[in-house]
Amino acid sequence: MIHIPKVFRPEGPSGDNNNDTITLPLLPLRDIVVFPHMVSPLFVGRSKSINAISEAMNSEEKYILLSTQSDAGKETPKENEINRVGTVAKVLQMLRLPDGTVKTVVEGKYRARIVDFKPNNSFFEVDLELMQEPEIHVSEKEAFFRNVNELLKEYAGLNKNFSKDALKNVAAIIDPVKMIYTVAGHFSFKTSDNQALLEIESLGERLTRLVELIKQEIIILETDKVIKKRIKEQMEKSQKNYYLNEQMRAIKKEMGTEDSAADELKELENRISEKKLPKEALAKTEQELKKLKMMTPMSAEATVVRNYIDWILNLPWSKKSKTAKDIEKAQKILDEDHYGLEKPKERILEYLAVQSLVKKLRGPILCLVGPPGVGKTSLAKSVARATSRKFVRLSLGGVRDEAEIRGHRRTYIGAMPGKIIQSLKKVNVNNPVFCLDEIDKMSMDFRGDPSAALLEVLDPEQNYAFSDHYLDMEYDLSDIMFITTANTLPDIPLPLQDRMEIIRLPGYTEVEKYHIARDFLVPKQIEQNGLKKHKVSFSENAIYTIIRNYTREAGVRSLEREIASICRKVAKDLLKDKQKNRNKTRNISAKTVEKYLGPGRKRFGLVEKNHQVGIVTGLAWTQFGGELLSIETVTMPGKGKFTVSGKLGDVMKESANAAISYVRSRSEQFNIDQLFHEKLDIHIHVPEGATPKDGPSAGIAMCTTIVSALTRLPINRDIAMTGEITLRGRVLAIGGLKEKILAAHRGGIKKVLIPKDNERDLIDIPASVMKNLEIIGVEHMDEVVKHAIIESRDNPLHSHAFKFENGKLDDSDFSVADVP
């Protein structure tokens with residue numbers, strides 16, 4: 001028998017007995033906290049717990065301690081895994097069930113704290129002491145009652161399951177302790193929150209914590225209400241769309257225009273069976289079709305799968321256009337469309353010749369590099385026409401996302417294949433001429449490097465198995481003839497350059513521009529401006545005037561615009577003239593060009609009018625063609641200051657320094673005071689100072705003008721020169737010879753000095769230009785001086801004769817050590 005002290009008798013705790021230690025059986029609870037003043041049913045299954053209930057029922061007062069486990073998952077909790085604060089409860093009812101468990105009803109009475117566990121193998125038995133319930137001020141109690149009642153009304157407004165009777169019962173309670181436990185019993189707080197509420201000593205803190213927990217529940221209910229409202233709106237929209245679609249289907253069925261889902265699937269099956277797909281593509285398509293059949297037609301996933309199947313079926317997997325192999329016909333077409341461009345034409349004809357001899361030839365990867373307007377893209381179109389292939393063009397300018405080339409993965413909303421696959425679907429053959437324009441204008445960012453993706457596309461050893469992220473299968477690009485275009489080669493990554501055959505289009509010469517204008521541009525603009533029926537002609541002088549005075553470009557775009565401007569003005573004059581004057585011939589001469597276009601806007605270099613001291617004509621290369629470059633040198637009394645001006649780059653400045661060092665080393669041979677570098681200031685200037693200039697080809701020109709200025713001997717005005725100089729006076733090879741020779745011919749130059757090593761490049765110079773120029777190859781600076789400077793009888797340039805053996809200059813005695 002358990003002895004129940006007086007404190008547990010109906011009159012309740014009183015006096016000093018509240019601190020007495022009491023021994024009671026303990027029932028550990030898994031996931032519930034029983035508060036005082038709370039009646040709760042419990043289902044007990046563990047043997048120790050059943051023994052504890054039985055022990056309590058056998059006692060006179062039927063009291064037991066209820067305490068929650070710290071870990072609800074523990075089947076057999078240890079003493080340290082049971083919370084020290086619990087509730088003394090009275091067992092009101094005990095019922096044994098057929099499955100061996102026990103159903104009991106308990107009523108919480110008092111809070112109590114476990115003092116010690118007593119040894120007992122049958123059930124938990126503990127010594128405990130009751131916990132005091134302190135009093136609070138009347139005003140604080142009243143404020144708490146009002147706050148809790150208002151929060152409960154707000155909560156009841158959000159939770160329809162919270163009964164009005166519960167509100168009334170709580171409002172009738174006047175004991176704050178009883179109110180705390182009654183309200184907590186109506187809420188589904190976390191077990192940890194309920195245990196904390198039970199353990200708080202201070203009544204004021206316990207009241208505050210209860211208010212916080214109620215507010216948290218209100219916030220959760222408000223959030224839940226917003227979420228449910230949003231879901232309801234979405235469901236209503238989906239149901240509305242479904243209802244409308246069903247109505248539309250019913251209307252179509254009545255009108256006899258219904259396309260059922262079964263018919264669509266049957267159509268897809270027929271298309272798959274008729275399409276000659278590779279094994280991998282066929283297996284993938286059949287798998288996706290099987291998946292589509294199991295989906296509802298209105299689902300979003302069905303649309304994605306249907307689009308994927310459509311992409312596969314619309315691609316030209318094995319469809320090819322018949323290519324022409326007639327070389328003579330191809331040559332004729334290329335010549336019709338473009339004047340000049342012999343190297344690209346020759347390479348294309350070579351490809352056609354090889355293709356006619358072998359059955360399978362992987363498409364060549366050509367890269368046309370040249371300034372804007374030289375006809376790179378139009379040449380690609382001509383290649384398509386000459387080979388009877390279809391033409392497709394993709395501009396890569398500004399592309400910075402790898403997915404533009406490889407496509408997006410189907411996991412993304414709105415995913416599509418890359419531009420390569422899209423273009424093939426558009427052209428609908430698998431062997432077109434594919435022009436990748438502006439390949440040097442690509443960039444990269446965090447989304448990837450498109451130039452890296454192009455490595456697979458433009459590699460003949462890999463592009464037979466190109467992988468697009470959207471298709472997720474291999475696609476053969478090896479039959480495509482890729483032609484890429486670029487303005488500058490350094491902007492193309494080196495790995496990409498390695499996969500292409502570089503063909504340079506340096507720009508058109510004046511003669512080539514004249515023929516292009518006469519044979520292509522003038523007839524085209526006459527037709528486009530409605531002048532075909534009228535007698536309009538451009539003279540040769542007029543075309544050259546436009547080229548030289550109104551354009552400065554490597555291509556012919558500006559030339560075509562100027563010709564179009566003249567044609568428009570001629571059309572305006574025709575409408576102003578009377579009827580009888582409209583049929584007269586309109587000859588466009590150089591004067592007419594100036595009348596229509598105004599004064600010339602461009603200048604080109606011309607030969608100097610007189611032989612002058614310290615002024616030499618150099619030759620420069622620009623992206624618009626060659627130019628004559630006048631270089632001037634003056635000397636002044638001073639202390640040896642050396643100045644170079646004209647907005648020159650580092651390379652030209654170094655050339656000037658090498659030239660002055662060479663002149664100092666040869667001062668005795670040139671009859672120059674050996675101490676000139678201490679007595680004279682020398683200034684080299686290249687006019688048009690606002691234009692940046694640089695390049696390794698002005699060395700011999702700078703050296704010549706320095707020698708002329710120091711010897712006071714004039715330079716032959718009919719000579720132009722180009723070449724780099726070393727400290728020993730050797731003349732090094734340069735680039736852009738063709739453009740420089742043409743600039744000299746245009747400017748009226750009669751003799752051109754070039755490096756000996758560049759004589760092999762003269763094969764590219766037109767015969768008409770070579771006929772009017774004397775081109776001399778030089779190996780040493782002394783040869784340049786001999787040809788360029790005009791000597792007088794009173795002041796011969798050389799005090800020592802040049803030493804030549806076997807036709808070559810002997811410069812063995814010239815060394816860097818000779819420099820003073």
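This report describes a predicted model of a single chain, moving from the whole chain to one sheet, one helix and a few individual residues.

## The chain as a whole

The chain holds 26 helices and 28 strands, and of its 820 residues 47% count as buried. About 43200 Å² of the chain is exposed, and carbon and sulfur atoms supply 50% of that area. When contacts between residues at least 6 apart in sequence are considered, 73% of them join residues at least 24 apart.

## A five-stranded parallel sheet

Five strands form an open sheet in the order β8-β9-β12-β7-β13, and their pairing is parallel. Because β8 (391–395) and β13 (501–504) stand at the edges and have a single partner strand each, one side of each is left without a neighbour in the sheet. Neighbouring strands of this sheet are turned against each other by 20° on average, with direction ignored.

At the β13 edge, strand β7 (residues 365–369) runs parallel to β13 and is joined to it by four bridges. Within this pair, Leu 368 stands opposite Ile 503 of β13. As a general matter, strands of a sheet pair through backbone hydrogen bonds, either parallel or antiparallel.

## Helix α14 against the sheet

Helix α14 lies across β8 and β9, and runs at about 150° to β8. Its buried residues include Ile 420, Ile 421, Ser 423, Leu 424 and Val 427. These residues cover an arc of only 160° around the axis, which means that they lie on the same side of α14.

The packing partners of the buried residues of α14 include the strands β8 and β9, and also α13 (403–406), α15 (450–457), β10 (466–468) and β11 (473–475). The helix is followed by Asn 428, whose phi is positive, near 65°.

## Asn 431 in the loop after α14

Asn 431 is placed in the loop that connects α14 (419–427) with β9 (433–437). Although it belongs to a loop, Asn 431 counts as buried because its relative accessibility is 5%, under the 20% limit that defines a buried residue.

A polar atom of the Asn 431 side chain lies 2.9 Å from the backbone oxygen of Ser 321. Ser 321 is also among the residues that Asn 431 contacts once neighbours within four places in sequence are left aside, together with Lys 320, Thr 323, Arg 389, Asp 479 and Ile 480.

## Val 522 in helix α17

Val 522 is part of helix α17 (residues 510–528). With a relative accessible area of 8%, Val 522 is buried. Not counting residues up to four places away in sequence, Val 522 touches Ala 517, Phe 538, Ile 543 and Ile 563.

A further relation links Val 522 to Cys 567: the two residues are 45 residues apart along the chain, and their C-alpha atoms are separated by 8.8 Å.

## Strand β17 and its partner β22

Strand β17 (residues 615–622) is mostly covered, since six of its eight residues are buried. β17 pairs in the parallel sense with strand β22 (residues 719–721), over two bridges, and in this pairing Thr 617 of β17 stands opposite Ala 720 of β22.

Technical notes:
Residues numbered from 1 in each chain as written. Predicted model: local features only at pLDDT ≥ 70, side-chain atom pairs only at ≥ 80, totals over all residues. Heavy atoms only, no water. Buried < 20%, exposed > 50% of the residue type's maximum accessible area, 1.4 Å probe, protein only. Polar contact = N/O pair within 3.5 Å; in protein donor to acceptor, adjacent residues only side chain to side chain. Contact = heavy atoms within 4.5 Å. Pairing = 2+ DSSP bridges. Axes fitted to C-alpha atoms, helices over the stretch in contact; angles between N-to-C directions. Areas by Shrake-Rupley, 256 points an atom, 1.4 Å probe, with all protein chains shown as cover. Arc of directions from axis to C-beta.
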